[in-house]
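Biologist: I'd like to learn how to read a sheet and a metal site from coordinates. Could you walk me through both?

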Amino acid sequence: MSLTYPENINHRYHPKISSDGINFVEIDSSELFIAKKTVEEKIKTPSATIRLSISPDTVWISAQELITTSDNKQWTNELSLKPFITKSKAGESREGKPIEVLRIGESDDKAMIFVLSRQHPPEVTGYLAMKAFIETISSNSEDAIAFRKKYNTYVFPLVNPDGVDNGHWRHNMGGIDLNRDWEDFNQPETRVIRDFANKKVKENNGKIYFFVDFHSTWQDIYYTIDPEQKGNMPGLVPALISETGKEFENYNPNVKPSPGTGKRVTSTSYFFYEHGAESLTYEIGDNTSREFVKKKGEVTAEKLMKLLLE
Ligand SMILES: [Zn+2]
């Protein structure tokens, strides 16, 4: 199987293969031939060729392990069996797919946190980090129980369901990168979340103390608001990053504050400048070990709950 790319785009992910659509393994490097466009321009047409053994059985080939809307639905269905978790439809995507939201907690909505994932479809490691983070908040630990009495967590695990199911790179079905639409709100997906958050804040005169948007990229990065800017709980995000870091030896994540003031087009900026939520874009590497992705998601939730309870 050969994939050819437009002139300026190189192949990115190491392809994964599966015989059941659930368990994926990386394709053996000896079966993969990648031609990248180089600076010297020796290769004009970037391509990737995978040598496959074909049989009458179905074979799944995917950039990252596939986690689709139906996989997500299964996860949210299981989670919402817990008495303190409810699932509802906040609205619809451009293609009419439900945009689901989980409410985790037994508090009134005076104190809330908001969580997003998969604005960008192939960012599966970010989704896996979000899952570990949410499962920790939903656990039976002492801190989690205390946390849920004080804070309600609202989670949008798949912000871009159309992009996910159609295999898009970054866009929704309107051809728009949703994480560039938090100023103009031209797309239904961003409007649904904006309206939902506004309603929650208004209904109970509530406050959103923390906001996190999970993504994946080449490496682990935290994009933060300029630490000079004060939201509803100044210092929370720097403390969270430093507390989390202490649990991992020789781990120095890249922290990139966006300098200065003023709204930008991303969700993180929107939730900070509109709601005062201490906001974080949580990027984890495409190739970071899945075990580490999970562990770091869990530790981040543990540290966040402790800090918010203090
Ligand atoms: Zn992203």
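Biologist: In what order do the three strands of the open sheet run?

Modeller: Generally, strands of a sheet pair through backbone hydrogen bonds, either parallel or antiparallel. Here the order is β1-β5-β4, with antiparallel pairing. β1 (2-4) and β4 (32-35) each have a single partner strand, so they stand at the edges with one side lacking a neighbour in the sheet. Strands are DSSP runs of E, at least two residues, and helices are runs of H or I, at least four, numbered from the N terminus; two strands pair if DSSP finds at least two bridges between them.

Modeller: One caution: this is a predicted model, where local features need pLDDT of at least 70, side-chain atom pairs count only at pLDDT 80 or more, and totals for chains, interfaces and linings use all residues. Residues are numbered from 1 along each chain as its sequence is written, and side-chain values use heavy atoms, leaving out hydrogens and water.

Biologist: How many bridges join β1 to β5?

Modeller: Three, with β5 spanning residues 47-50. T4 has S47 in β5 as its bridge partner.

Biologist: Which protein donors does the zinc ion have?

Modeller: Donors are N, O and S atoms within 2.8 Å of the metal (3.2 Å for Na, K and Ca); water is not among the atoms, so sites may look incomplete. Here they are H120 (ND1), E123 (OE), E123 (OE) and H215 (ND1), 2.0 to 2.5 Å from the ion. H120 lies in the loop between β9 (111-117) and α2 (124-137) and H215 in strand β11 (residues 207-217), so the pair ties together parts 95 residues apart in sequence.

Biologist: Are H120 and H215 buried or exposed?

Modeller: Both are buried, meaning under 20% relative accessible area (exposed is over 50%, partly exposed in between; 1.4 Å probe, protein chains only).
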